[in-house]
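Here is a small set of exercises for getting to know a new structure. Work through each task with the model in view, then compare your steps with the solution.

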Amino acid sequence: MIYERMAERVREAGGTIHLETPVRRVVTREGRACALELEDGTERCFDYIISSMPISLLVTRLPEVPDAVREAAQCLRFRNTILVYLHVAEDGLFPDQWLYIHSADLRMGRVTNFRNWVPSLYGDAAGSILALEYWANDDDPMWKEDSESLIRMGERELRSTGLIQDAPILDGYVHKIRRCYPVYNRGYREALAPVRDYLRSIDGLCAIGRYGAFKYNNQDHSILMGSMAAENIVKSTEHDLWAINTDYDDYQESALITESGLAPVETGGAAVA
Ligand SMILES: Cc1cc2nc3c(=O)[nH]c(=O)nc-3n(C[C@H](O)[C@H](O)[C@H](O)COP(=O)(O)OP(=O)(O)OC[C@H]3O[C@@H](n4cnc5c(N)ncnc54)[C@H](O)[C@@H]3O)c2cc1C
């Protein structure tokens, strides 16, 4: 709903949003990002480009990238998520919004109960939709399994947690998200540093977000990065976007989010409004 509202605002201000428009690569000329080449081969020119595509793809597809930077970018790895949604024919299964599942016998890592989010999500609808999360690398056999077998595994595992007792499962749906978790493996900071420095050297290009900047961001940090990137362009501020993420909360705590942008605060402590 937040993103739908943002999209409305962009359109109201005369902006255009192109959905389902995959970008193949960013085009640079004389050290400046100037265009996007789309997967269908067309090229569109822009004054500034803010990228949230996975950083390794952004960098390896840029023209004339030094070999050392390309190799470093290839060391940045992502992990995938499989979401198995199950529609359970029961309303009051358990009171939590989500539960982390720590059991060597089960492969799921988390279960979310959307019944316990805002009531307007369900209205008068009966039952509960649960999402089971499975984390997998590209070469894990589970990543390649088809929806039917993943739904069967989800049903089996959910039943064995005892969370749904004998409640019938009415339906299932699988959604796979590739490259959704940056992997903080040993040495990733050393690999990220030359990539970050190279991207900084390209005018008019800015990498943001969880995959775009390879930061274990939550949504608030990703939105903050986007807002600050916009401020850097529109207000010529010099926010260091690489300083924002959940590991370095000081950055966020030392700024106050106001209606017109970010204002520095003098005192310490949590100051996010
Ligand atoms: C399963 C799961 C649960 C989560 N739960 C929470 C939570 O409870 N709370 C929370 O705060 N955060 C949560 N997060 C994290 C949150 O979703 C991310 O931090 C946030 O969405 C990152 O925003 P972003 O803009 O960087 O990336 P995204 O929201 O993923 O946006 C990146 C966009 O770039 C597009 N893109 C990528 N490549 C290309 C290309 N080549 N061409 C065109 N477009 C492209 C993608 O399609 C996508 O729309 C969760 C994440 C996952 C995976």
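**Exercise 1. Find the acidic partner of Arg 178 and say where both residues lie.**

Step 1. Arg 178 forms a salt bridge with Asp 138, and their closest N and O atoms are 2.7 Å apart. A salt bridge here is a side-chain nitrogen of Lys or Arg within 4 Å of a carboxyl oxygen of Asp or Glu.

Step 2. The pair links distant parts of the chain, 40 residues apart: Arg 178 belongs to strand 9 (residues 169-182), while Asp 138 sits in the loop between strand 8 and helix 4 (141-144). Helices (H or I, at least four residues) and strands (E, at least two) are DSSP runs, numbered from the N terminus.

Step 3. Now look at exposure. Arg 178 is partly exposed at 43% relative accessibility, and Asp 138 is partly exposed at 35%. The classes are buried for under 20% relative accessible area, exposed for over 50%, and partly exposed in between (1.4 Å probe, protein chains only).

A note before you continue: this is a predicted model, in which local features need pLDDT of at least 70 and side-chain atom pairs count only at pLDDT 80 or more, while totals for chains, interfaces and linings use all residues. Residues are numbered from 1 along each chain as its sequence is written, and side-chain values use heavy atoms, with hydrogens and water left out.

**Exercise 2. Work out which parts the pair Arg 24 and Glu 37 ties together.**

Step 1. The closest N and O atoms of the salt bridge between Arg 24 and Glu 37 are 2.6 Å apart.

Step 2. Arg 24 is in strand 1 (residues 23-29) and Glu 37 in strand 2 (residues 32-38), so the pair ties together parts 13 residues apart in sequence.

Step 3. Arg 24 is partly exposed, at 30% relative accessibility, whereas Glu 37 is buried, at 11%.

Step 4. Through salt bridges with shared partners, Arg 24, Arg 25, Glu 37 and Glu 39 join into one network.

**Exercise 3. Locate the salt bridge between Arg 5 and Glu 8.**

Step 1. Their side chains meet at 2.6 Å, N to O.

Step 2. Both residues lie in helix 1 (residues 2-12), 3 residues apart, or about one turn of the helix.

Step 3. Arg 5 is partly exposed at 38% relative accessibility, and so is Glu 8 at 39%. The count of salt bridges comes to 12.

**Exercise 4. Which residues of helix 6 are buried, and what covers them?**

Step 1. Helix 6 (residues 188-200) has 13 residues and reaches 18 Å from its first C-alpha to its last, close to the 18 Å expected at 1.5 Å a residue. That expected span is 1.5 Å times one less than the number of residues.

Step 2. The buried residues are Tyr 188, Ala 191, Leu 192, Val 195, Tyr 198 and Leu 199. They lie on the same side of helix 6 because they cover an arc of only 125° around the axis, taken from the directions from the helix axis to the C-beta atoms.

Step 3. Their cover includes helix 2 (55-60), helix 3 (67-74) and strand 10 (205-207); contact means heavy atoms within 4.5 Å.

**Exercise 5. Describe the chain as a whole.**

Step 1. Count the elements: the protein chain has 8 helices and 12 strands.

Step 2. Of its 273 residues, 38% are buried.
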